[in-house]
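Let us walk through a protein model together, one piece at a time. Keep the picture in view as you read.

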Amino acid sequence: MSARPKSPPAASGHKIAAVAISHHRLPLAPAFNASWDTKPRVHFDATLVRVTTDTGLTGIGSGDRMLGFEGHEGLFVGQDPLALERHFRVLSNIDFHYGRCWPLDLALWDLAGKILGQPCWKLLGGLSNRVRAYASSGTLRDPQAQADAAERFLAQGFPALKLRFHRGDWRDDIRALEAVRARVGTRLELLVDCNQGWRMAWDTQAPWSLKDALAVARELERLAVYWMEEPLHRADYAGMRALREATDVRLAAGEMTRQLHELRELIAGGCVDVLQPDAALVGGITGLRRLALMAQEFHIAFTPHTWTNGMGVTANAHLVAGLTDAPFLEYPFDPPEWSLERRDFLMTEPLQTDSQGWIQLSEAPGMGYVPDEERQRLERHASSQVPQRRKVSLVVAPAPD
């Protein structure tokens, strides 16, 4: 039996001393009625990952719940934090056997930036320090209210707006889209998320067939929609290829894809015009930078889906700004149902856009976000009074309206 290989020396002069995970919950009152979820959401869960070094530095990541990671801390403790490719391989193995734990990769990138004194966008290639955001709505409104909301997004400087389909009959969705187009004209690019790629655990509705999706695509062509997102089941590669060939509307997919090889198939198989994996959910930054460059070689847009929280959005913004030429990046924002206060409740300051819809990334080392330690101190005090919930910290402040 061969001897177990020893850990290489920490060439960076730092070693990982600990990996700590904390879970946080924001009550939502009123509830958030997400278009893709048949159940009203009465709380929003977020998980923080902290990687600390023996030299006192801390990298922070968030975006998924880190289910299945418990017990694997020893695979990272004592290692050089800058051995990002090594850590990526371990996380890939954990992903296969247990669960998605990619926020740890984001925390390691944040830590790498702090060690090297550089923002992550610069470490990733330094192409740009900003990316244009599109407003990503989450609720279903009647046509008049949807048009009113579109005008508000336009006034705030967003270049594009994503609308959700899921009203039961896609013809009702088209009527809402028509109202928006009539109101804003060509001043906003309109994107449509059909939400056919996956379902919540309790939702047993079948996805669209190719003929269903093609009928919708014809209507989206008429309304000059920029892209059609998740029009078919995520594994229907043949259907996506056929649909892409049959319509002028760009096809977008990949938001909940679990494995990098599946994303490669979407690219190499000619299935999409826009690739949308989220670094917080698949591959982390270390894995997705491979796919971003591959998409570029195939002349496919790479612009992540990023509906997690402000830290997850920030991590994807660094990847896109530093490495790619994405037309814009998803920015979950649909007030009052999905406000910045709700989305970014773990941060001292929410991730904002400027008056022209740009996400401007700073020169701060790492990701540049800062967790709200005071809120978490109050949560720890509250959770200490509820021992049966010790794994989940409770937010004592009321949810913003």
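The paragraphs below start with a strand, follow its neighbours, and end at a pocket.

Before we begin, note that this is a predicted model, in which local features need pLDDT of at least 70 and side-chain atom pairs count only at pLDDT 80 or more, while totals for chains, interfaces and linings use all residues. Residues are numbered from 1 along each chain as its sequence is written, and side-chain values use heavy atoms, with hydrogens and water left out.

Find strand β5, which covers residues 160-164. Helices (H or I, at least four residues) and strands (E, at least two) are DSSP runs, numbered from the N terminus. In β5, 5 of its 5 residues are buried; buried means under 20% relative accessible area, exposed over 50%, and partly exposed in between, using a 1.4 Å probe and protein chains only. In a regular strand the side chains alternate between the two faces of the sheet. Here both faces are covered, with Ala160, Lys162 and Arg164 on one side and Leu161 and Leu163 on the other.

Which strands pair with β5? Strand β4 (residues 130-136) runs parallel to β5 and is joined to it by 2 bridges, and strand β6 (residues 189-193) pairs with β5 in the parallel sense over 5 bridges. Two strands count as paired if DSSP finds at least two bridges between them. On the β4 side, Ala135 has Leu161 as its bridge partner, and Ser136 has Lys162. On the β6 side, Arg164 is partnered by Asp193.

Now follow the chain through helix α5 (residues 170-184), which makes a right-handed β-α-β unit with β5 and β6. Right-handed means that, with the strands pointing away from the viewer, the path from the first strand over the helix to the second runs clockwise.

Let us go back to β4, where 5 of the 7 residues are buried. Strand β4 also pairs with strand β11 (residues 329-332), in the parallel sense over 4 bridges, and Ala135 stands opposite Tyr331 there. With strand β12 (residues 358-360), β4 runs antiparallel and shares 3 bridges; one of the pairs is Val131 with Ile359.

Is Leu163 of β5 buried or exposed? Leu163 counts as buried, because its relative accessibility is 3%. Leaving aside neighbours within four places in sequence, Leu163 is in contact (heavy atoms within 4.5 Å) with several residues, including Gln146, Val180 and Leu191. Gln146 lies in helix α4 (residues 143-155) and is buried too, with a relative accessible area of 5%. With the same neighbours in sequence left aside, the contacts of Gln146 include Thr139, Leu163 and Val180.

Finally, look for the largest pocket, which holds about 1,300 Å³ of space. On a 1 Å grid over the protein atoms alone, a pocket is an open set of points where a 1.4 Å probe fits, with protein on both sides within 12 Å along at least five of seven lines; lining residues have an atom within 4 Å of a point. Grid points are joined across faces, edges and corners, and the volume is the space filled by probe spheres set on the points. There are 42 lining residues, and Arg41, Asp64, Arg100, Met200 and Met256 lie nearest the centre. Strand β2 (41-53) gives the most to this lining, with 7 residues.
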